[in-house]
Amino acid sequence: VQLQASGGGLVQAGGSLRLSCAASGSTFNIDDWAWYRRAPDKQRELVARIKNSGNTNYADSVKGRFSISRDNAKNTVYLQMNSLIPEDTAVYYCNADGTYDSGYAFGSWGQGTLVTVSS
């Protein structure tokens, strides 16, 4: 399964961006989607996750500002980011865990999209 992320860019503090990540490839089902980020000189961290049930969880640093959603018909996940702050500057990666129709499990990563928030 290949993941293609998009939507990053440069935005001023207080602004908004919407990231998208679309999956393509052989017939499959995605169980969990997640967004991670890696800021300069920091370790990768989980930003948000959404399960097939619709349950979500967020990093404390983004609660109330970010919202993750999924469109199963389009095999796409979104991350709506509002009230952005300079500390949100990072490369954002999407991740998908699921199974092929054959029953084999997979875990895939997108190529990363850069989000830069200026003060």
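A disulfide is taken as a pair of cysteine sulfur atoms within 2.5 Å. The structure, a predicted model, holds one such bond. C21 and C94 form the disulfide, with their sulfur atoms 2.0 Å apart. The torsion about the S-S bond is about 55°, so the disulfide is right-handed. C21 lies in strand β3 and C94 in strand β9 (residues 90–100), so the pair ties together parts that are 73 residues apart in sequence. Strands here are DSSP runs (E, at least two residues), numbered from the N terminus. C21 counts as buried, at 0% relative accessibility. C94 is buried too, with a relative accessible area of 0%. Buried means under 20% relative accessible area, with a 1.4 Å probe and protein chains only.

The model is predicted: local features need pLDDT of at least 70, side-chain atom pairs count only at pLDDT 80 or more, and totals for chains, interfaces and linings use all residues. Residues are numbered from 1 along each chain as its sequence is written, and side-chain values use heavy atoms, leaving out hydrogens and water.

Strand β3 also belongs to an open sheet of four strands, in the order β1-β3-β8-β7. The pairing is antiparallel. Two strands pair if DSSP finds at least two bridges between them. Strands β1 (2–6) and β7 (66–71) are the edges, and each pairs on one side only. The twist averages 15° from one strand to the next, based on axes fitted as lines to C-alpha atoms, with angles from 0 to 180 degrees between N-to-C directions. β3 (residues 17–24) and β8 (residues 76–81) are joined by six bridges in the antiparallel sense. L17 has M81 as its bridge partner in β8.

Strand β9 pairs with β10 in the antiparallel sense over five bridges. The two strands form a hairpin with four residues between them. In the turn, G103 has a positive phi of about 105°. D97 stands opposite G107 in β10. In a regular strand, side chains alternate between the two faces of the sheet. Strand β10 (residues 105–109) shows such alternation. F106 and S108 point to one face and are buried. A105, G107 and W109 point to the other and are not buried.

A96 is another residue of strand β9. Its relative accessible area is 0%, so A96 is buried. A96 touches L3, I30, D32, W33, F106, G107 and S108, not counting residues up to four places away in sequence. Contact means heavy atoms within 4.5 Å. A96 and N75 are 21 residues apart in sequence and 10.0 Å apart in space, C-alpha to C-alpha.

Key: Buried means under 20% relative accessible area, exposed over 50%, partly exposed in between (1.4 Å probe, protein chains only).
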